Amino acid sequence: MTNVDRSARLRNLISLYSLFFLARVASQQLSSAFVHPPSDFVRKKNRCSALTTLWRNAEDQSSPPIPSFDDWTSLGDISTENIAVTMIEGMRGVQAKAEITSGTLIMSVPTELCLEDLDDNLFQETSLGKVPKAEWQALDLFWISKLAIVFINEKSKGKDSNWAAWLKSLPASGPSMPGAWGGSVGVGGAAARAELQDPLLQAEVHVITDLLSSQYDQMRQLSKEHSVDIGQTISKKHFIDTVHFIQSRAFLVNIQGKKRHLLIPFMDMFNHKPEADSIIFYNEETQSVQLRVGYSLSAGEQVFINYGDFTNSEMLKYYGFVPENNQKHDNIVFQGVCKEEDLEDLGLNSADLGETDIGKETALRTFLQELCKESIEEGSSFTSIEGCSFTIGLPGLQREYVAALRLSVATGQELAEAGGPEGVLGSVRADPAFVLSRANEVRVARVAARRCARALAAHPTSAAEDRRALRAAAAGEEKRRGRAAAEEEGEAGPAAAAEGEAWVLALRYRLARKELLAGLVGRLDAYAAYAEAGGEGEGEKLPSLNAFLYWYKSSPTFRTSVQQYCT
């Protein structure tokens with residue numbers, strides 16, 4: 001498989017998944033029964049104009065206050081219950097003004113007051129929207145590109161925007177996504193992102209940025225052809241930075257059976273906490289998006305929502321931060337089933353494992369083609385097939401990855417006892433948790449552990465070095481890192497990575513990655529030792545690898561007994 005093929009496949013993956021960005025609370029419970037049509041544009045403008053009147057003078061204040069929810073409530077349809085937007089530890093957030101009990105409806109915003117990606121009326125007010133509709137529609141703009149153009153246009157109106165009150169309350173700059181590190185389209189971005197020490201994430205961000213850059217170029221070319229050059233008012237960097245800003249604040253809902261991306265004024269002020277048990281839903285009767293908290297709060301506490309069970313990579317790409325203690329949702333992505341060196345580390349002989357067995361190779365290739373929905377090259381050994389990617393985390397390994405590993409490291413005798421390669425393939429199709437044998441399961445754990453250990457060792461810095469660097473960053477010493485080299489080389493990238501939030505985020509991300517890999521090595525090795533010694537007890541069935549990892553994660557008693565047994 002050529003590098004060009006892999007690049008094209010990666011671009012397809014990014015365009016279908018990563019570029020159509022995860023919207024906030026995409027995993028929350030949202031009703032699919034949006035009923036009001038987007039044609040109430042005049043009504044929307046009238047409602048927003050009333051809001052604008054309340055905040056006409058905010059533009060002239062040197063330090064404008066964050067708008068009060070009370071002023072919104074006075075309009076009749078935007079309601080809140082005992083909450084207020086305020087600054088909390090240097091960040092905007094929502095605070096409880098009084099005690100709030102679980103189940104309380106604390107916020108309701110009519111959809112008329114939301115900026116949405118499919119509102120062509122708002123888009124046609126922009127410079128690009130003055131181009132014949134059929135022509136800009138032919139560009140097939142990403143939803144976030146379209147919303148970014150609308151957002152920039154509304155901000156340019158200042159106090160004359162119908163959304164002036166909300167726009168005035170937003171932070172001056174967005175979160176620090178890797179796509180904007182070191183200059184989103186200038187030199188230095190790649191050098192800054194290299195500090196993440198995650199080539200796959202770096203490649204994804206690079207592809208996303210390239211696609212956004214290409215879309216901007218297409219929009220600008222079209223606008224030039226109609227003498228409304230958007231480049232005169234919106235630079236490429238401004239456009240891409242706005243895309244990142246909007247990504248961190250957008251909500252995904254369903255309107256008349258269609259996915260719609262909304263910017264919901266003031267509901268976007270809630271910060272993330274994974275334990276926050278809240279529900280955001282659509283109320284058909286009031287035609288509004290509402291928030292109901294699922295936990296109790298005391299006066300003065302910050303009110304959180306849960307953006308979703310995302311990995312560190314997703315949180316950093318789409319929201320610009322690395323959550324703490326996120327190992328139960330985080331994972332590592334591996335390309336291919338296993339590597340030859342992983343087998344060699346364990347003294348495994350490829351001939352003994354039946355690598356030359358045509359039936360086994362055919363069965364494995366068939367399984368991977370079914371899984372990856374694409375052709376796997378003939379003649380590829382199971383140690384070189386990279387057509388599929390798999391995830392592995394502390395809660396367990398992707399089931400298909402374990403199944404592929406079981407088949408990959410199976411001996412000829414194990415295959416024969418299970419009905420041959422086709423028999424094993426049939427068993428795997430019926431039950432991905434199908435276990436060939438105790439020895440095979442141990443082999444799977446050992447190979448996966450070695451792969452994690454190899455990935456851990458490949459990082460240019462150790463976890464201990466990263467912890468020291470984080471302590472230095474907290475003390476403000478990160479500014480000295482890389483500056484001399486950057487000045488000597490004439491590049492801003494290393495200095496940009498060494499200074500400020502991007503450098504700290506890169507440290508946190510790569511440290512969490514290393515801690516996850518180290519934890520995986522320890523648990524996989526623990527399973528192998530447990531299985532080899534018959535730790536399950538006489539007459540008891542050996543748990544599968546993933547069953548073991550699940551109980552090791554969720555049961556302190558089981559974890560303690562395994563640790564005592566293995567030591």
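**Reading the labels in a predicted model**

Modeller: In this predicted model, the side chains of Arg446 and Asp525 meet in a salt bridge, at 3.4 Å from N to O. The pair links distant parts of the chain, with Arg446 in helix 17 (residues 438-457) and Asp525 in helix 21, 79 residues apart.

Biologist: Why is the contact of Arg446 and Asp525 called a salt bridge?

Modeller: The cut-off is a nitrogen to oxygen distance within 4 Å. Arg446 and Asp525 are at 3.4 Å, so the pair counts. Side chains of opposite charge can pair when their charged atoms come close.

Biologist: How do you know whether Arg446 and Asp525 are buried, partly exposed or exposed?

Modeller: Buried needs under 20% relative accessible area, and exposed needs over 50%. Arg446 has 22%, so it is partly exposed. Asp525 also has 22% and therefore counts as partly exposed.

Biologist: Which salt bridge has both of its residues buried?

Modeller: Take Arg513 and Asp198, which are both buried. Their closest N and O atoms are 3.4 Å apart. Arg513 belongs to helix 21, while Asp198 sits in the loop between helix 8 (189-193) and helix 9 (199-225), 315 residues away.

Biologist: Where do Lys237 and Asp241 lie?

Modeller: Both are in helix 10 (residues 236-247), four residues apart, about one turn of the helix. An α-helix has 3.6 residues a turn, so residues three or four places apart point the same way. The closest N and O atoms of Lys237 and Asp241 are 2.6 Å apart, and the two form a salt bridge. In the whole structure, a search finds 20 salt bridges.

Biologist: What about aromatic rings?

Modeller: The search finds 14 aromatic pairs. One of them is Tyr530 with Phe558, whose ring centres are 6.1 Å apart and whose planes are at 70 degrees.

Biologist: Why is the pair of Tyr530 and Phe558 called edge-to-face?

Modeller: Centres must lie within 6.5 Å, and planes over 60 degrees apart count as edge-to-face. With 6.1 Å and 70 degrees, Tyr530 and Phe558 meet both conditions, so the name fits. Tyr530 lies in helix 21 (residues 500-532) and Phe558 in helix 23 (residues 556-566), 28 residues apart. Both belong to one aromatic cluster, together with Tyr527, Phe548 and Tyr552.

Biologist: What makes Phe558 count as buried?

Modeller: Its relative accessibility is 19%, and the cut-off is under 20%, so Phe558 is buried. Tyr530, at 8%, is buried too.

Biologist: How do you know that the span of helix 21 agrees with what is expected?

Modeller: At 1.5 Å a residue, its 33 residues should span 48 Å. The end C-alpha atoms of helix 21 are 49 Å apart, which agrees. Gly534 follows helix 21 and has a positive phi, near 70 degrees.

Biologist: What makes strand 10 (residues 288-293) largely enclosed?

Modeller: Five of its six residues are buried, so the rest of the structure largely encloses strand 10. Strand 10 pairs in the antiparallel sense with strand 4 (residues 105-110) over five bridges, and with strand 9 (residues 278-283) over six bridges.

Biologist: Why do strand 12 (332-335) and strand 14 (396-397) stand at the edges?

Modeller: The three strands form an open antiparallel sheet in the order 12-13-14. Strand 12 and strand 14 each have a single partner strand, so one side of each is left without a neighbour in the sheet.

Key. Residues are numbered from 1 along each chain as its sequence is written. This is a predicted model: local features need pLDDT of at least 70, side-chain atom pairs count only at pLDDT 80 or more; totals for chains, interfaces and linings use all residues. Side-chain values use heavy atoms; hydrogens and water are left out. Two strands pair if DSSP finds at least two bridges between them. Helices (H or I, at least four residues) and strands (E, at least two) are DSSP runs, numbered from the N terminus. Rings of Phe, Tyr and Trp (its six-membered ring) pair if their centres lie within 6.5 Å; planes under 30 degrees apart count as stacked, over 60 as edge-to-face and the rest as tilted. Buried means under 20% relative accessible area, exposed over 50%, partly exposed in between (1.4 Å probe, protein chains only). The expected span of a helix is 1.5 Å times one less than its number of residues.
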